[in-house]
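Work through the exercises below with the model open beside you. Try each task before you read its solution.

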Amino acid sequence: MSTVQRLRDGRMTDAAVGWAVTLTITLLAFLIRIQNLGYPKNLVFDETYYAKDAWSLLKFGYERNWPDDANAQVVAGTPDVYSSTAEFVVHPPLGKWLIAVGEHWFGMNAFGWRFMACVFGSLLVFATIRLARRLSRSTLIGGIAGLLLTLDGLAFVMSRTALLDIFQSFFLVAAVACCVADRDWYRHRLADALEHRGQHDFHGEFGPIVWLRPWRFAAGVMFGAALACKWNSVFVLAVFGVLSVLWDVGARRLAGANWRSWLAVLIDGIPAFVRMVVVAVAVYVSTWIPWLLGTGGYNRDWGLKNPDHPWVKAFGEGFASLIYFHKEIYEFHTGDYINKATHPYDAHPLGWLAMVRPTGFDAVNDIKPGTDGCVGPENCIRVISAMGTPVLWWMAAIALVVCAVWWIGGRDWRFGVPVLGAMATYLPWFNYTDRPLFFFYSITIIPFTVIGLALVMGLILGPANSPGRRRGAMIVGVAIALVALNFAYIYPVLTDQLLPYSEWLSRMWLRSWI
């Protein structure tokens, strides 16, 4: 291919089919997830924090403390039992504001506080399809990635639970998708410049500066939203911020800029920092505006009480109070209290990719025969286990290794995206193993490993007209069918369904799952 043709790689011609596949699978994911969304009616696991935080945000613009018996009163339909004091919270507000949207629409009930998680869990499938499709240059592979994520147990449970992580996961995948779209968009602009000049390459010149980078700006917005859900999103921003500039260098080199391609580190890199990092910070800070404009938030009056502090003199009392609040949040996440804490579902990240220790979100044990529909002769159980679909997770872990080999050994940039995305959301946790960590944090990992698995399935399928296509299609079809059957098998332990104890135990393939 010519230089212009290579720069234009990634321009697909089946847009209508691509959108039809994307929307169909996204709708399927939504329909599966919204079924019986309001059951169980009680607050499960950490919903006890975020659903109530969201309700007080909706009422007052900041989180308030709640009495010890608040959960029972919320379930009974009398949710306005919050106290008058502000609560010390340890995560930014955006995820809770999104939960509050569902509560505003449907009320302070289980369906209301879970609705937006269901919406964003479905949008996560949408973003995964679009990213996988662009990476693979194949609507089929994008559709496979979306279907696999639709059938993942962890993604399913997190889409039906009012926690922050499903929102963070969507924004991170959307941000990476914007980075990859920017890569293609930038290369197409360079190809346009060469065609306009009537040149085959830039003959050692740097070439025109591409000022307009809408996808890179969109990535900054998405990264800022991810940060406003959970802080550890910063690692993904750092990795893909650097990678996107290196992609610019590679594009310039391909276009014939030679050694001058490295000037892109400054010429494109500095604007990239503004479009991604500065924009992300601005979006993040904007989510604290209700706290800044109000007077009742936790430590909101710190600046007024410390007028001589350098932060107050430099930033004003409002922003100084916000900075001090962030200092306290950081100290909570890294301090002695959290490092000395214990939890029965603590899961070392070393076992996450193999799903060694899933998280139990809800359980009703030892249901006697004749009670709650249990027919006996043995006792029954109801559980919600935040576990991935085992067959999918194990195949995806193997595929991630294949992707790393294909990226580094085969020099195929596309396979590096799921590897870097997964590692940026995974490896940083090893620095915090002194505190309790939970498997459900890996909801930010599975979209990237699923994309990696779909790309490897694309290798197995091979080109459309290759002689091994039928054999590859059979292998991929069997793999997807196994995932679907496995998801159907574990479905009862994802949805709090009544099971005889022996049937529940048959789904606990590892003792560490119990």
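**Exercise 1. The second largest pocket**

Which residues lie nearest the centre of the second largest pocket, and how many residues line this pocket?

*Solution.* Note at the start that this is a predicted model.

Step 1. Find the centre. Trp 247, Trp 407, Arg 411, Asp 412 and Trp 413 lie nearest to it. In total, 20 residues line the second largest pocket.

Step 2. Trace the lining to its elements. Helix 9 (165-197), helix 11, helix 18 (390-408) and helix 19 (413-426) each give two or more residues. Helix 11 gives the most, with six residues.

Step 3. Sort the lining by class. Ten residues are nonpolar, three are polar and seven are charged.

Step 4. Add the volume. The second largest pocket holds about 580 Å³ of space.

**Exercise 2. The largest pocket**

Describe the largest pocket by its volume, its lining and the elements behind that lining.

*Solution.* Step 1. Start with the volume, which is about 1100 Å³.

Step 2. Go to the lining. It has 34 residues, and those nearest the centre are Val 90, His 91, Phe 332, His 333 and Arg 435.

Step 3. Name the elements. Those with two or more lining residues are helix 3 (47-60), helix 11 (234-254), helix 16 (310-334) and helix 17 (336-339). The largest share, four residues, belongs to helix 16.

Step 4. Sort by class. The lining of the largest pocket has 21 nonpolar, six polar and seven charged residues.

**Exercise 3. Closed spaces**

How many cavities of 30 Å³ or more does the structure hold? Describe the largest and the second largest.

*Solution.* Step 1. Count them. There are four cavities of 30 Å³ or more.

Step 2. Take the largest cavity. Its space is about 80 Å³. The residues that line it include Tyr 39, Pro 40, Arg 114, Arg 160 and Asp 496. Six nonpolar, two polar and three charged residues make up this lining.

Step 3. Take the second largest cavity, with about 60 Å³ of space. Among its lining residues are Trp 97, Trp 288 and Trp 291, along with Glu 63. By class, seven residues are nonpolar, two are polar and one is charged.

**Exercise 4. Two helix pairs**

Classify the crossing of helix 18 with helix 21, then that of helix 2 with helix 7.

*Solution.* Two packed helices are described by the angle and the distance between their axes.

Step 1. Read the values for helix 18 and helix 21 (residues 469-494). Their axes come within 7 Å and cross at roughly 140 degrees.

Step 2. Apply the cut-off. Roughly antiparallel needs an angle over 145 degrees. Helix 18 and helix 21 are therefore oblique to each other.

Step 3. Look at the contact. Pro 390, Val 391, Leu 392 and Met 395 of helix 18 meet Ala 479, Leu 482, Val 483, Asn 486 and Ile 490 of helix 21. This contact has eight nonpolar residues, one polar and no charged ones.

Step 4. Turn to helix 2 (residues 15-34) and helix 7 (residues 139-150). Their axes come within 10 Å and cross at roughly 5 degrees. Angles under 35 degrees count as roughly parallel, so helix 2 and helix 7 are roughly parallel to each other.

Step 5. Check this contact too. Helix 2 contributes residues including Val 21, Ile 25 and Arg 33, and helix 7 contributes residues including Gly 143 and Leu 147. The classes here are eight nonpolar, five polar and one charged.

**Exercise 5. A salt bridge in helix 9**

How far apart are the closest N and O atoms of Arg 189 and Asp 192?

*Solution.* Step 1. Read the distance. The closest N and O atoms are 3.0 Å apart, and the two residues form a salt bridge.

Step 2. Place the pair. Arg 189 and Asp 192 are three residues apart in helix 9, which means that about one helical turn separates them.

Step 3. Set the pair in context. The count of salt bridges comes to 23.

**Exercise 6. Backbone details**

Locate two cis peptide bonds and a positive phi.

*Solution.* Step 1. Tyr 39 and Pro 40 are joined by a cis peptide bond, with omega about -5 degrees. Pro 40 sits in the loop between helix 2 and helix 3.

Step 2. Gly 376 and Pro 377 are also joined by a cis peptide bond, with omega about 5 degrees. Pro 377 is in the loop between strand 1 (359-367) and strand 2 (380-386).

Step 3. Arg 137, a residue other than glycine, has a positive phi near 60 degrees. Arg 137 is in the loop between helix 6 (110-136) and helix 7.

Conventions:
Residues numbered from 1 in each chain as written. Predicted model: local features only at pLDDT ≥ 70, side-chain atom pairs only at ≥ 80, totals over all residues. Heavy atoms only, no water. 1 Å grid on protein atoms, 1.4 Å probe; cavity = no way out; pocket = protein on both sides within 12 Å on 5 of 7 lines; lining within 4 Å. Points joined across faces, edges and corners; volume = space filled by probe spheres on them. Nonpolar A, V, L, I, M, F, W, Y, C, P; charged D, E, K, R; others polar. Axes fitted to C-alpha atoms, helices over the stretch in contact; angles between N-to-C directions. Parallel < 35°, antiparallel > 145°, perpendicular 65-115°, else oblique. Contact = heavy atoms within 4.5 Å. Salt bridge = Lys/Arg side-chain N within 4 Å of Asp/Glu carboxyl O.
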